[in-house]
Structure formats: structure tokens, C-alpha cells
Amino acid sequence: MPASSSHYRPTIAGLPVTELAHSFGTPLYVYSPETIERRLAELKAFDTIRYAQKANSNGVLLTWLRDRGVLVDAVSEGELLHALAVGFSARGTPPPVVFTADLFEHRALARVVESGVHVNCGSADMIEQLGAFRSQGEITLRINPGFGHGHSRKTNTGGEWSKHGIWHEEAPACVRRARAVGLEVTGLHLHIGSGTDLAQLGRVGDALERIGRSIDAPLRTISVGGGLPVALFPEDDELDVAAYAEHCLAARDRLAQALGSPLHLEVEPGRRLVAESGTLITEIRAIKRTGRQLFYLVDAGFHTLMRPAMYGARHPVRLGARETEPSRTVEPVVIAGPLCESGDVFTQDAQGVVEPISLPEACVGELLVLEGVGAYGFSMSSNYNSHPRPAEVWIEDGRARCIRRRQGLGEVLADEGTPLIDRRADAG
Ligand code: LLP
């Protein structure tokens, strides 16, 4: 049916939202790599783009990025094995996979040692524990520069109240400690927080330069971490990536000059690469008024998309069909999910105060789409209230394919050994 103002059909990468929901069910994460392509292009001034897979570690996405020369960061045994499973090599120059953490869980340490991947240490204990197994080799240090900034207090990873990184004043001692166990510090890494801004990001290069000059180490790499924001709403500031890259390159060159040897510059984005590539489709299952307030209750909740409940993060919401139908009136609505918890609301501020948004009038059974959910969407989903995790779909060249089947209820119960009494509930 041709699109017209009265039969407008919203699409994702050219495919109608209604058809995607019909074919794959809801709630549903849908990704399209077009925006990722553009985001990669704007970062090409960096020597290495290392994807922070915690943002979204679906194997199809990891493979897509690997095929385009992107390297990867891993923060757990699971992320490490996932990267190796999709074909990243354990060793290489620059290291295809870097393991970054503030502590080693036992199994992660064993896996790191066995695979030989490069380690970015965020604590002196990590250096000692790695040194007990590896008596030679290179490491990088993740440094807390004494400042940090993020879109939320919970995503600020610098300063005295942050658990992340080696305190900047401890860096020279850590270089000596590493050498004492046979490890050479050849890189410095800084990640000040997630969803920060140009003013704060601009301080990272300068801090790396200052710390690089303060230590006696044969540095070959500096990483400015991730944290690059994404503008999802017209009023959001758009990051001047060219200015950011220029700042980082200038800091790299100054430090290289001071050290008398070339330096490799890495950037480690998660959100910036993949946030815009993802959309969540959900169905309105109930509509109610509570006094003056109108609620659309949908089949996705904070077990599907945690960010609004966790940080007060805002995502653009659209109707999944007939949005421009002229007869519809626009009303302030609260979008909430199925969980037995008052905080299960997609439209709230960072303090948990409910904030209605304007949406055209809708009916039960209609679809809503939440945009900008490609980063920290599925990866932070859970089985809260015994809900299975949603399916994921990838659209490329006009074709949609399922890249993660909907979790079955049997899988949710399997770990405790409880069999499902009705196998039909297991259908993913
Ligand atoms: N590098 C390191 C060491 C990190 O810890 C992180 C994010 C990144 C890179 C990537 O940061 P990005 O470019 O995505 O901002 N769940 C939160 C974000 C937590 C980020 C944790 N670390 C959210 O949904 O906003």
C-alpha cells in the first residue's frame, strides 16, 4: 500500500514496523548498520577504533565490525570468549582484543592467561596477579586521572569516588611494580565516563600527556577511551568529532615528541558507534487513566530496556503505525511496562519523577518504537519477573533476519533445574 498521510507506515531500514512485529513478535530489538557505517567514518583519524562490546555484544554485530577493521575491548570472561568465538585473534599488534578491568575474577584470569590476550590493568592487584602467571610481556594501565564525567552520576568513571582505574599519582609506582614482576607498561588508557561532552573529552588527551610524562615507561599506545555522546533529540548538542579527534591527535603528537618515539592512538567507543542503530518495538497492551494522567502500558519494561529506570535516560518514542493520521489528537502520556514495580516507566527523569511525553492518541494493540537503543539496550536486559529476554533482528540490504531468538521460558527456569510444565511456553 503506498504511503499517504492517512496510511503512513513507519519503517526501520525500509521495512514496515508492523511487519517486523508480525514476523518476529514483540518486544523486539531491531538493528540496521547504516548509522554505524557513518559513525565509523567520522572516527577514521584515530589509529585504532576499539569497540566497547559491553554496549552490544551480539555476534553478528561483532563480526560486522571485525570485517571493517574495528578491534574490540572485553571486560569479562564471557566478552573475551565471545570476541574469540567470532574470529578476533587473541594476539596481534595492535592487540585485536584487550581485556580491561579493575579486578580479575578467577575464571577471567585463567582465561586471559590461557589465551594470551593483552591486559589493561585498572588496579595494582591485577598487575601482581597477572605477573604470577606471566613473567614477561606488555600491559597497559587504565588510569583514573582525578576527574570524570558522564550523562549520569552512575556513568562517571573518574575522580576520588570512582572505583575505576589506577589513581593517577600511583602510575609511576605501578610501572615499577609491573617491571618487578617482568611486565612492561607500554600503554596508557583513560576512560572518564559514558555520555560526556566535548569540554570533558578535551581534557583526556592533556591528562594522558601529563601522566605519560610522569612515568618512566616505553610507551607505544595511548587510548582515550569511549564516552562520546549521541544526540537523540533535536535539542541535544551534537559532538564535534573532528574537533575531538584533533585534540587527541595533538596530545598524542606532543607526548610522542617528548618521548622521542611514535605513539599509536586508540579510541574505544560503545554508544557512539551503535546507539542509533537500534530500535525497540513494543505493543500497547493496556491504556488507563489515573485522574488526569494517561498511561500506555506496553509489553517491554525495564527488563527489556533498563536505561530510563536506571539513569532517567530518554529515548525518542513514536507510534509504530499511522502516526500522521490527521484525526489523531496529541496527548501527554506516560509509557510504562508490565513489571510489578512502580519504577517500570520509560518516561521518567533521573530522580524517578514520571515525565509524560506528547504522543498521538493510540489504541490497545498498536505499536510503539523506542529509538536510539542499540547501545546498552539488550546488553542490560534481564529476566526480572521471570520474563524471557527479547529477540533481536538485523536488517541489511532490505532483508530482516533474526540474530537472537526470543528466549524460551524453559531456559529461564533451566538453571534452577525446574522443568516447564507446559512446553508450549518454551516457544521462543
Ligand atoms: N571503555 C571503557 C573502559 C568503559 O568502561 C566504557 C563504558 C566504554 C569504553 C564505552 O563507553 P561509551 O562509549 O559507550 O560511552 N550503561 C550505561 C553506560 C555504561 C558504560 C560503561 N563503560 C548507559 O546505558 O548509558
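Me: What relative accessible area leaves Cys-402 partly exposed?
Reply: This is a predicted model, in which local features need pLDDT of at least 70 and side-chain atom pairs count only at pLDDT 80 or more, while totals for chains, interfaces and linings use all residues. Residues are numbered from 1 along each chain as its sequence is written, and side-chain values use heavy atoms, without hydrogens or water. Partly exposed lies between buried, under 20%, and exposed, over 50% (1.4 Å probe, protein chains only), and for Cys-402 the relative accessible area is 39%.

Me: How many disulfides does the structure hold?
Reply: Cys-363 counts as partly exposed, at 44% relative accessibility. As for disulfides (cysteine sulfur pairs within 2.5 Å), their number in the structure is zero.

Me: Which side chain has an N or O atom 2.6 Å from a nitrogen atom of the ligand?
Reply: Around the ligand stand 19 residues (a heavy atom within 4 Å), the closest being His-151, Ser-194, Glu-268, Arg-307 and Tyr-376. In the polar side chain of Tyr-376, an atom lies 2.6 Å from a ligand oxygen, whereas the side chain paired with a ligand nitrogen belongs to Glu-268.

Me: How much of the ligand's own accessible area does the protein cover?
Reply: A backbone N or O atom of Arg-271 is placed 2.8 Å from an oxygen atom of the ligand. Of the 590 Å² accessible to the ligand on its own (Shrake-Rupley method, 1.4 Å probe), the protein covers 92%.

Conventions:
Polar contact = N/O pair within 3.5 Å; in protein donor to acceptor, adjacent residues only side chain to side chain.
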